[in-house]
Amino acid sequence: MENSDKTPTSSSPPRSPSLAAEESESKKLKMSTTTSDDEQCTTAEGTKIRYKRRKVAIFFAYCGVGYQGMQKNPGAKTIEGELEEALYVSGAVPEQDRGLSKRYDWARSARTDKGVSAVGQVVSGRFYIDPPGFIDRLNSNLPSQIRIFGFKRVTASFSAKKFCDRRRYVYLIPVFALDPCCHRDRETVLASLGSENELVKCLECSERGRKVEGLFGNSKRNLEQEAVDVETDGSSNRTAVVNSGVAENVEVSLSKGDDSRLNKESINDNEGKVSVEELNYKTGLETVVSDQDKVSSLNGGSENNSGVLKEEKVNGEDTAAKGSGFSYGEKERERFNKILKYYVGTHNFHNFTTRIKPEDPSAHRFIISFDASTTVVVEGMEFVKCEIVGQSFMLHQIRKMMGLAVAIMRNCAPESLIEKALQKDVSITVPTAPEVGLYLDECFFTSYNQKWKDTHEEVSMKAFEKEAEDFKMKYIYSHIASTEYKEGTVGLWLHSLNHRNYPDLRILDEEGVTDDKKTEIDTNDKKTEIEVVTE
């Protein structure tokens with residue numbers, strides 16, 4: 001018979017109604033969340049609330065000046081390093097995970113090189129986004145040249161890198177860079193001395209280009225030992241452009257009210273500032289209100305007395321700026337787009353990067369489109385807006401593609417050279433355009449959005465278009481223009497586009513590599529075999 005007087009070995013006193021209500025509320029909070037990893041927070045009333053990590057995609061932009069690229073690199077100042085620290089300080093990452101990005105599933109949509117900017121960058125991870133005000137907390141802990149636009153909730157398996165199926169980059173190239181008569185090579189400039197030739201005005205910048213430290217040459221040994229933006233062919237009698245021909249410290253003047261933390265290496269003054277007030281989308285032209293009435297001599301020495309500069313057409317034909325012998329008219333636009341179309345499709349881009357061998361499968365990349373139909377005027381300087389869309393890109397790939405395209409446009413190389421450079425069995429050195437004009441415009445997640453459209457928000461920049469446009473005009477476009485005004489970055493680079501610095505620009509004929517060049521390549525290949533790190 002069961003002993004009714006027997007008591008259990010452990011018992012608990014009856015719970016009060018208030019404790020029961022508190023436990024019930026706690027269970028409700030847990031049930032309302034979809035992820036694990038609790039973080040306890042005490043409110044003003046003393047009630048403890050458990051926050052949970054959420055898998056999100058964060059949308060942001062940055063001006064790359066003063067940073068050694070996007071990806072975190074020990075000992076280097078990077079965008080990713082700034083963002084990770086801001087996430088920790090803002091409470092999105094716990095103390096035990098600080099600096100350990102793998103613990104919260106960190107992933108980025110794209111890596112950008114040193115000095116390259118971005119308007120539509122995306123990263124993903126598991127963060128504590130509660131309580132409300134997550135974006136404001138993040139921005140308060142970041143310099144003004146890095147701005148967070150917002151975030152979207154995503155699936156637990158989402159990765160900003162793996163689920164990004166397309167990336168769009170934009171390269172702004174000054175119109176004068178496409179003029180074969182502007183900023184000729186140093187030998188041609190020197191030959192014009194004593195005459196009334198317009199080339200004489202380039203003497204100073206051609207001399208600066210010759211004397212800029214590190215502009216030409218470097219050894220393969222330095223390329224392998226230093227994580228810097230360098231290209232070389234390793235031969236003592238062949239040289240290449242290094243770091244776009246620009247000094248390490250880039251000066252940039254940004255708009256009034258910028259954070260003092262913005263690039264300690266930059267110099268803030270009143271020169272070259274731009275105020276952006278409107279965009280004129282007629283005839284596909286973006287217009288910017290400039291604080292300067294005179295157009296720089298870099299843009300052909302033309303003048304415009306209007307505050308708003310825009311492209312004009314007369315009887316359907318583009319007219320050149322006053323005093324300029326060159327304009328990006330219909331004929332020039334058609335030719336440049338024809339050159340860029342050679343890159344469209346799947347090709348072997350081993351000649352357009354570094355440290356990748358021709359037989360490496362990663363050298364094959366798919367370019368969806370490459371178009372240069374739009375012009376934009378910033379601070380009185382006209383730029384061609386080159387938009388390239390592709391699945392993914394390798395280190396320096398876009399800058400090298402632009403470098404060769406500009407060389408062909410300036411008649412430094414034949415159009416057939418692009419087709420030869422895309423061949424697996426041809427090894428050549430192509431010019432690298434300066435990094436300052438390049439920026440990541442947007443990342444696309446088409447397949448993911450199609451699959452999860454019924455249960456999750458669309459991962460896109462649509463909700464942040466206005467903020468992104470404002471940031472682009474205030475920081476990125478003004479930086480590109482002011483850098484060209486003060487540093488003459490593109491002008492210096494153009495002086496290096498000659499056959500002395502790039503003998504490969506003239507070695508190819510319709511049959512292929514010349515016999516002399518084959519001998520030279522065979523001799524040098526043992527020393528100068530180039531390998532590449534892909535993105």
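What follows is a friendly chat about the disulfides and salt bridges of a predicted model.

Reader: Hi! Before we start, what kind of model is this?

Author: Hello! This is a predicted model.

Reader: Good to know. How many disulfides does a search of the whole structure find?

Author: The search of the whole structure finds 0 disulfides.

Reader: OK, cysteines then. Is C386 buried or exposed?

Author: C386 is buried, and its relative accessible area is 0%.

Reader: And C412, buried or exposed?

Author: C412 is buried too, with a relative accessible area of 15%. That value counts as buried because the word covers anything under 20% relative accessible area.

Reader: Thanks! Switching to charges: how many salt bridges does the structure hold?

Author: There are 16 salt bridges in the structure.

Reader: Let's take R98. Which residue does R98 form a salt bridge with?

Author: R98 pairs with E85, and their closest N and O atoms are 2.5 Å apart. This pair links distant parts of the chain, with the two positions 13 residues apart in numbering terms: R98 lies in the loop between helix 2 (79-89) and strand 4 (107-108), while E85 is in helix 2.

Reader: How accessible are those two, starting with R98?

Author: R98 is partly exposed at 40% relative accessibility. E85 is partly exposed as well, at 34% relative accessibility.

Reader: Nice. What about E458, which residue is its salt-bridge partner?

Author: E458 forms a salt bridge with K462, and the closest N and O atoms of this pair are 3.7 Å apart.

Reader: Is K462 buried or exposed?

Author: K462 is exposed, with a relative accessible area of 56%. Its partner E458 counts as partly exposed, at 37% relative accessibility.

Reader: Now helix 11. Where do E469 and K472 sit relative to each other in helix 11?

Author: They are 3 residues apart in helix 11 (residues 465-487), so about one helical turn separates E469 and K472. The two form a salt bridge, with their closest N and O atoms 3.2 Å apart.

Reader: And is K472 buried or exposed?

Author: K472 is buried, at a relative accessible area of 5%. E469, on the other side of the salt bridge, is partly exposed, at 21%.

Reader: Last one! Which residues do salt bridges that share partners join into one network?

Author: That network is made up of D113, K114, R399 and E435, joined by salt bridges that share partners.

Methods. Residues numbered from 1 in each chain as written. Predicted model: local features only at pLDDT ≥ 70, side-chain atom pairs only at ≥ 80, totals over all residues. Heavy atoms only, no water. Disulfide = S-S within 2.5 Å. Buried < 20%, exposed > 50% of the residue type's maximum accessible area, 1.4 Å probe, protein only. Salt bridge = Lys/Arg side-chain N within 4 Å of Asp/Glu carboxyl O. Helix = DSSP H or I, 4+ residues; strand = E, 2+ residues; numbered from the N terminus.
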